[in-house]
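Me: I would like to go through this model by question and answer. Please keep the replies short and end each one on what was asked for.

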Amino acid sequence: FEQKIVPTDAQPEPKAMHIPVRLGLLRHDGSAQELRLQGEPSGLGYECVLDIKERQQSFVFETVDQPVLPSLFRGLSAPVRLNFDYSDSDLGFLISHDSDSFNRWEAAQQLISRVVRRNAEVLRNGEELELPETLLEGMRRLLTDHRQDSALRAEALDIPSEESVAEGEQLIQIDSLHAARKWMIEKCGSELQKELLASYENLAVSEFSIDAAAIGARRLKNLCLEWLVGSDPQQHARLAVAQYKNANNMTDSLAALRCLVNTNLAVRDELLADFFDRWKDERLVMDKWFSLQAASQRDDVLASVKKLHEHSLFTIENPNRVRSVVGAFCGLNSVHFHAQDGSGYRYLADFLMQYDSVNPQVAARLCTALSRWARFDDTRQQHTKDALRQILANDSLSRDTYEIAFKALGSDERDNKS
């Protein structure tokens, strides 16, 4: 083991930290290797905690008679960033066989993110996309392992957002990441259709409960529905429609709508209208209704968002309603907010010019969506700077929004406005 600690002003030469490493070793058949440290008279069982206290420290296990795969930092035994050269096959093996729930989740998220990033690059090079069999098999195991907590399995299978996948990357290639992520949902929905349908039907219980097990079951069930509808809307939309019509809780109703709101099916608008008629007198529920539409992945979403501004229940005097439309579009709809033509940035700038005098605090918070421009390509950077300059050109701009916009623009804007 080797520790690497980033120096700070307070600690320019940081000392080695005490890092507890809970680990196990997995044999080729998935069974646990019995552990005994070199020089120790007795064994440690199948899991142990190693105390790392030096910059570099080594441990030797005896009685290991075949290649093993380490399962490190089980149960998040220390809040560190682990750099271990796991291959795709290694991560797939951990997903399928590790007895530690946290590490199964971590392995799944690492491998999913890795494959999305790799396929995004493949798309940019005009090559053929690929979903490794080791990932498919790991997902299949998660779907069919009913002994594991449903919430854990849902979190492990959930495909991270484009910006989460790009974490650590210098440049966010939003279009190819979105396309690769979308393709993965479609491919998984197709290749795992049998397992997804079986899990969905098994988890579709009629009784409603708010205990942890029931909440987890709904989470996994609705992820299965999302993948099925995402892979073939024409074939599986009936499941979402049936779930919406028979739902006895808001979670299932909204999940069904969320699956349909990305499609071009006629039933999408029918159910959105039905939901509105049912809940139009409930403000918080209506916020969800607005957010669903603002986060839609349809190509016409920006036109739909602008149309929502004209809705009878939309008012800029209600900050929650503003967040449910403008905030949802800018924060939950990365691919359309960061459209290469700059339309998403211009939309936000135009809105803030109008909204800043109504609620400068919320306006300033919304303006932070324009602060990450340095991680995008040159075209998007220029569009973002133009939007920030448009905001700063407002002579009556509040201090709150001015401060956010000025800092976001940085050295490109040297206005002395105070």
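Reply: Two strands are taken to pair if DSSP finds at least two bridges between them. The model is a predicted one.

Me: How many bridges join strand 1 to strand 2?
Reply: Strand 1 covers residues 19-26, and strand 2 covers residues 48-52. The two run antiparallel. The number of bridges that join them is 5.

Me: Which residue of strand 2 is the bridge partner of Val21, and on which face of the strand does that partner lie, covered or uncovered?
Reply: The bridge partner of Val21 in strand 2 is Leu50. Val49 and Asp51 make up the uncovered face of strand 2. Leu50 belongs with Cys48 and Ile52 instead, so the face asked for is the one that is covered.

Me: What is the phi of Thr63, and why is the value worth a remark?
Reply: Thr63 sits in the loop between strand 2 and strand 3. At a relative accessible area of 47%, Thr63 is partly exposed. Most residues other than glycine have a negative phi. Thr63 is not glycine, yet its phi is positive, near 70°.

Me: Leu76 also has a positive phi. Is Leu76 buried, partly exposed or exposed?
Reply: Leu76 is in the loop between strand 3 and helix 1, and its phi is near 50°. Buried would need under 20% relative accessible area, and exposed over 50%. Because its relative accessibility is 45%, Leu76 counts as partly exposed.

Me: How far apart are the end C-alpha atoms of helix 2, and what span is expected?
Reply: Helix 2 has 24 residues. At 1.5 Å a residue, they should span 34 Å. The end C-alpha atoms agree with this, being apart by 35 Å.

Me: Which side chain reaches the backbone nitrogen of Phe102 at the start of helix 2, and which residue just after the helix takes a positive phi?
Reply: At the start of helix 2, the backbone nitrogen of Phe102 has a side-chain oxygen within 3.3 Å, and that oxygen belongs to Asp100. Just after helix 2, a positive phi of about 70° is taken by Gly126.

Me: Which helix gives the most residues to the lining of the second largest pocket?
Reply: The second largest pocket has a volume of about 970 Å³ and is lined by 29 residues. Nearest its centre lie Arg81, Leu82, Glu106, Gln109 and Gln110. Helix 1, helix 2 and helix 5 each supply at least two residues of the lining. With 10 residues, the one that gives the most is helix 2.

Me: What is the make-up of that lining by class?
Reply: The classes here are nonpolar, polar and charged. For the second largest pocket, the counts are 15 nonpolar, 8 polar and 6 charged.

Me: And the largest pocket: which helix gives the most to its lining?
Reply: The largest pocket has a volume of about 1600 Å³. Of its 43 lining residues, Arg181, Glu226, Arg258, Asn262 and Gln297 are the closest to its centre. Among the elements that give two or more residues are helix 6, helix 9, helix 10 and helix 12. The most, 8 residues, come from helix 8.

Me: How many charged residues are in the lining of the largest pocket?
Reply: The lining has 16 nonpolar and 15 polar residues. The charged residues number 12.

Me: How many of the residues of helix 12 are buried?
Reply: Helix 12 reaches 17 Å from its first C-alpha to its last, close to the 16 Å expected. Its buried residues include Val285, Trp289, Phe290 and Leu292, and also Asp287 and Gln293. The helix is mostly covered, and of its 12 residues the number buried is 9.

Me: Is Asn318 buried or exposed, and which backbone nitrogen does its side chain contact?
Reply: Asn318 is in the loop between helix 13 and helix 14. Its relative accessible area is 14%, which is under the 20% cut-off, so Asn318 is buried. A polar atom of its side chain lies 3.0 Å from the backbone nitrogen of Asn320.

Me: Which charged residue lines the largest cavity?
Reply: The count comes to 1 cavity of 30 Å³ or more, with a volume of about 30 Å³. Its lining has 5 nonpolar residues, 2 polar and 1 charged. The lining includes His338, Tyr345, Trp373, Phe376 and Thr384. Arg counts as charged, so the residue asked for is Arg372.

Key. Residues numbered from 1 in each chain as written. Predicted model: local features only at pLDDT ≥ 70, side-chain atom pairs only at ≥ 80, totals over all residues. Heavy atoms only, no water. 1 Å grid on protein atoms, 1.4 Å probe; cavity = no way out; pocket = protein on both sides within 12 Å on 5 of 7 lines; lining within 4 Å. Points joined across faces, edges and corners; volume = space filled by probe spheres on them. Helix = DSSP H or I, 4+ residues; strand = E, 2+ residues; numbered from the N terminus. Buried < 20%, exposed > 50% of the residue type's maximum accessible area, 1.4 Å probe, protein only. Expected span 1.5 Å × (residues − 1). Polar contact = N/O pair within 3.5 Å; in protein donor to acceptor, adjacent residues only side chain to side chain.
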